Amino acid sequence: MSFGLFAQEEGFKEYLGEVYDSETKKPLVFATLTLENTNISTITNTEGEFSLKVPESNTSENVIVSFLGYRTKRIPMLQFKAERNEIVMTELVTQLSEVNLSIPKDARALVRETLKKRGENYINNPTVMTAFYRETIKRRRQNVSLSEAVVNIYKAPYTSNRTDALKLFKARKSTDYSKLDTLALKLQGGPFNALFVDMVKYPDYIFADDLFEYYDFSFSNSTRVDDKLIYVINFEQKPGIIDPLYTGKLYIDVENKILTSAIYSLNITNRNLAAQMFVRKKPRNADVWPTEVAYRVDYRERDGKWYYGYSNVLMEFKINWDKKLFNSVYSMSCEMAITDWEENLSNDIPKYKDRIKSDIILTDEAIGFADPVAGRIQHHRT
């Protein structure tokens, strides 16, 4: 399902569609659609589909469609149809020779400089963001538990050490316990699992000062997004490091030293150490360990400042039962997309009792709503 609020609000129009490659016709996953001159945006799902809700007062604006490595499109809202809209994107080919020679040749130094400049390049005022969050548990390919929520994020400045505060606006769930194999998987942390993937706000989860030297960094290729030259930086933990660290790619605007996206995964070679990181409780007659832990975060730009726009986490677990011939395989995923935001000029923060706690289990909190079913998600700790 594509992102959107649970019910069609008055004064809004909803447009559905798909974004795909002009040559291969393959859907483009996580393409961003933004209503020009506003903070309203959405993102395509794993089938390349989107749902964009636009205030009726803004239907004369343009929609900006962007995707890494493709030419950005600007489409007048008036061209969108009430039914399904097809958006075709053309791939960009960028040569490394286009890169300015003044760009650092040291990949490690470029990453350090990018993280240090977050106060200059990212929104550094308190904001209130509206986000759509969902979490899913699957047993093999069958949905077991689906939960979704609309949350308000009271985002602290990127230079502040204060943790962002979350308030639950609306939530619902659907669980089929008959598929749970006597094992009830639950995701602890709810929306915080997706929020903490904001690497610019929370760099210490990946690149803390005492961990930074444990990684090797190297240049990969270059690409473009929104007509900006983007360098792709590979990173991986150095040989000989025992603790599970991360490997992945950082997408950096080389001219302005801005992290625009990051895609990475946890090294789970040592399954016992990986299990200690994520498994909080398990039955005595079962061994549980992760077989895949993957992350993604995307940032968006408005008026020259960047901000957290989308993140997702995918975790796959294997459960080995005593006295059972076959293993059970479960996947847990969660994702969160910012659909709108505004400056929090008064710097108001919800009272502690009204905030979502970082150890929340959303499936326990979501009591269900009567409006139509849409979708769901999950991550971090079980």
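**Notes for a first look at this model**

1. Let's start with the outside. The protein exposes about 18400 Å², and carbon and sulfur atoms supply 47% of that area. Keep in mind as you read on that this is a predicted model.

2. Now the overall make-up. You'll find seven helices and 17 strands in the secondary structure. Of the protein's 382 residues, 53% count as buried. If you take the contacts with a separation of 6 or more, 67% of them are between residues 24 or more positions apart.

3. A good place to zoom in is the hairpin made by strand 8 and strand 9, with two residues between them. One of the turn residues, R140, has a positive phi of about 55°. Strand 8 covers residues 127-139, and 13 bridges join it to strand 9, the two running antiparallel. To pick out one pair, look for T136, whose bridge partner in strand 9 is L146.

4. Is strand 9 largely enclosed or largely open? Go through residues 142-155 and you'll see that twelve of the 14 are buried, so the strand is largely enclosed by the rest of the structure.

5. Next, the nonpolar interior. In general, nonpolar side chains of soluble globular proteins tend to be buried together. Here the largest nonpolar core has 74 residues, and the members touching the most others are I153, F207, L250, Y299 and Y308. Strand 16 gives the most to this core, with eight residues. There's also a second, separate core of 19 residues, which includes F50, V54, V63 and I75.

6. I153 is worth a closer look. Leaving aside neighbours within four places in sequence, I153 is in contact with T127, V128, M129 and A131, among others. Its contacts also include D164, A165 and L166, as well as L195, Y308, M336 and I338.

7. Back to strand 16, which spans residues 305-321 and holds N312. Why does N312 count as buried? Its relative accessibility is 14%, and buried means under 20%. The side chain of N312 makes a polar contact with the side chain of Y310, at 3.0 Å. Not counting residues up to four places away in sequence, N312 touches F30, A294, Y295, R296, C334 and E335.

8. Then there's an open sheet of three strands, in the order 4-1-7, with mixed pairing. Strand 4 (49-55) and strand 7 (84-89) are at the edges with a single partner strand each, so one side of each has no neighbour in the sheet. On average, and ignoring direction, neighbouring strands here are turned by 35° against each other. Strand 1 (residues 12-21) runs parallel to strand 7, and six bridges join the two. To find the pairing by eye, start from L16, which stands opposite R84 in strand 7.

9. Finally, look at the open sheet of four strands, ordered 3-2-5-6 and paired antiparallel. Which strands sit at its edges? They are strand 3 (41-43) and strand 6 (73-76), each pairing on one side only. From one strand to the next, the twist averages 20°. Inside the order, strand 2 (residues 32-35) and strand 5 (residues 62-66) run antiparallel and are joined by four bridges. L35 stands opposite V63 in strand 5, and V63 also belongs to the second core mentioned above.

Note on methods:
Residues numbered from 1 in each chain as written. Predicted model: local features only at pLDDT ≥ 70, side-chain atom pairs only at ≥ 80, totals over all residues. Heavy atoms only, no water. Buried < 20%, exposed > 50% of the residue type's maximum accessible area, 1.4 Å probe, protein only. Pairing = 2+ DSSP bridges. Contact = heavy atoms within 4.5 Å. Areas by Shrake-Rupley, 256 points an atom, 1.4 Å probe, with all protein chains shown as cover. Polar contact = N/O pair within 3.5 Å; in protein donor to acceptor, adjacent residues only side chain to side chain. Core = buried A, V, L, I, M, F, W, Y, C linked by side-chain atoms within 4.5 Å. Axes fitted to C-alpha atoms, helices over the stretch in contact; angles between N-to-C directions.
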